[in-house]
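Here is an informal walk through one protein model, meant to be read with the structure open beside it. Keep the viewer handy and follow along.

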Amino acid sequence: MDLSVNRTTLHAEVVGEGAACLVLHGGPGTDSGALVRSLGPLADPLGLRMVLWDHRGHGRSAWVPVEQCTQDQLVADAEGVRLALGLGPVYVLGISWGGFLGLMYAARHPASMRKLVVVGESASHEF
């Protein structure tokens, strides 16, 4: 499905039924396709409704100038995805670079989250 978020179009896929979980993919330069294939089959057994999307300027989402693909903008887009789908507080799973975005999301939108899980990530780029 395509979502209109923050003046762009983001390609998203929703897998499973249950508690909503935003999944932030790694990169930059990749998309959510591999996570849909690898994590998607786990959604139902975990009782999750996984929401995966390609960040702006990535994959099947609208291509925009690289200056519009800042981490600040991608975090705002994550909140925009949550709002566009009418979701209450969500679980957030950030993988690799998506983990950086997840930490930023937690700091900026704590009331929008239930829990945060980061994988393959550190709290600083200096690690």
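What follows goes from the overall fold to the sheet, then to a helix and the cores, and ends with a few local details.

**The overall picture**

First, a reminder that this is a predicted model. The protein chain has 4 helices and 6 strands, and reading along the sequence you get the pattern β-β-β-α-α-β-α-β-α-β. The radius of gyration is 13 Å, close to the 14 Å that the globule rule gives for 127 residues, so the chain is as compact as a globular protein of that length. If you prefer a box, the C-alpha trace spans about 40 × 35 × 30 Å along its principal axes.

Buried residues account for 46% of the 127 residues. As for contacts between residues at least 6 apart in sequence, 70% of them join residues at least 24 apart.

**The sheet**

How are the strands ordered in the sheet? The 6 strands make an open sheet in the order S1-S2-S4-S3-S5-S6, with mixed pairing. At the edges sit strand S1 (2-5) and strand S6 (113-119), each of which pairs on one side only. Direction ignored, neighbouring strands of this sheet are turned by 30 degrees against each other on average.

Three of the pairings are worth a look, and the table sets them out.

| Strand pair | Sense | Bridges |
|---|---|---|
| S1 and S2 | antiparallel | 4 bridges |
| S3 and S5 | parallel | 4 bridges |
| S5 and S6 | parallel | 6 bridges |

To find these pairings on screen, pick out some partners. Asp2 has His11 in S2 as its bridge partner. Val23 is partnered by Leu93 in S5, and Tyr91 stands opposite Lys115 in S6.

**Helix H3 and the cores**

Now turn to helix H3 (residues 71-84), which lies across S1, S2, strand S3 (19-24), strand S4 (48-53) and strand S5 (90-95). Its direction is at about 115 degrees to S1. H3 has 14 residues and reaches 20 Å from its first C-alpha to its last, close to the 20 Å expected at 1.5 Å a residue.

Which residues of H3 are buried? They are Leu74, Val75, Asp77, Ala78, Glu79, Gly80, Val81 and Arg82, so charged side-chain types such as Asp77, Glu79 and Arg82 appear in a list defined by under 20% relative accessible area. The buried residues of H3 pack against S1, S2, S3, S4, S5 and H4. Just after H3, Gly86 takes a positive phi of about 65 degrees.

In soluble globular proteins, nonpolar side chains tend to be buried together. Here the largest nonpolar core holds 22 residues, and those touching the most other members are Leu22, Val51, Trp53, Val81, Leu87, Val92 and Tyr105. At least two residues of this core come from each of S1, S2, S3, S4, H3, S5 and helix H4 (97-108). Apart from this core lies another, of 10 residues, including Leu35, Leu39, Met50 and Leu52.

Val81 ties several of these threads together: it is one of the buried residues of H3 and one of the core residues that touch the most other members. Leaving aside neighbours within four places in sequence, Val81 is in contact with Leu3, Val5, Leu10, Leu22, Val51 and Trp53.

**Local details**

A few spots outside the cores deserve a click. Gly27 and Pro28 are joined by a cis peptide bond, with omega about -5 degrees. Pro28 has its place in the loop between S3 and helix H1 (33-39).

Two residues other than glycine have a positive phi. Arg7, in the loop between S1 and S2, has phi near 65 degrees. Is Arg7 buried or exposed? Arg7 is exposed, because its relative accessible area is 78% and the cut-off for exposed is over 50%. Ser96 is found in the loop between S5 and H4, and its phi is near 55 degrees. At 33% relative accessibility, Ser96 counts as partly exposed.

Last stop: Leu46, which is found in helix H2 (residues 43-46). Leu46 is exposed, with a relative accessible area of 54%. The C-alpha atoms of Leu46 and Gly18 are separated by 8.4 Å, and the two residues are 28 residues apart along the chain.

Conventions:
Residues numbered from 1 in each chain as written. Predicted model: local features only at pLDDT ≥ 70, side-chain atom pairs only at ≥ 80, totals over all residues. Heavy atoms only, no water. Buried < 20%, exposed > 50% of the residue type's maximum accessible area, 1.4 Å probe, protein only. Pairing = 2+ DSSP bridges. Axes fitted to C-alpha atoms, helices over the stretch in contact; angles between N-to-C directions. Contact = heavy atoms within 4.5 Å. Core = buried A, V, L, I, M, F, W, Y, C linked by side-chain atoms within 4.5 Å. Expected span 1.5 Å × (residues − 1). Rg over C-alpha atoms; globule rule 2.2 N^0.38 Å.
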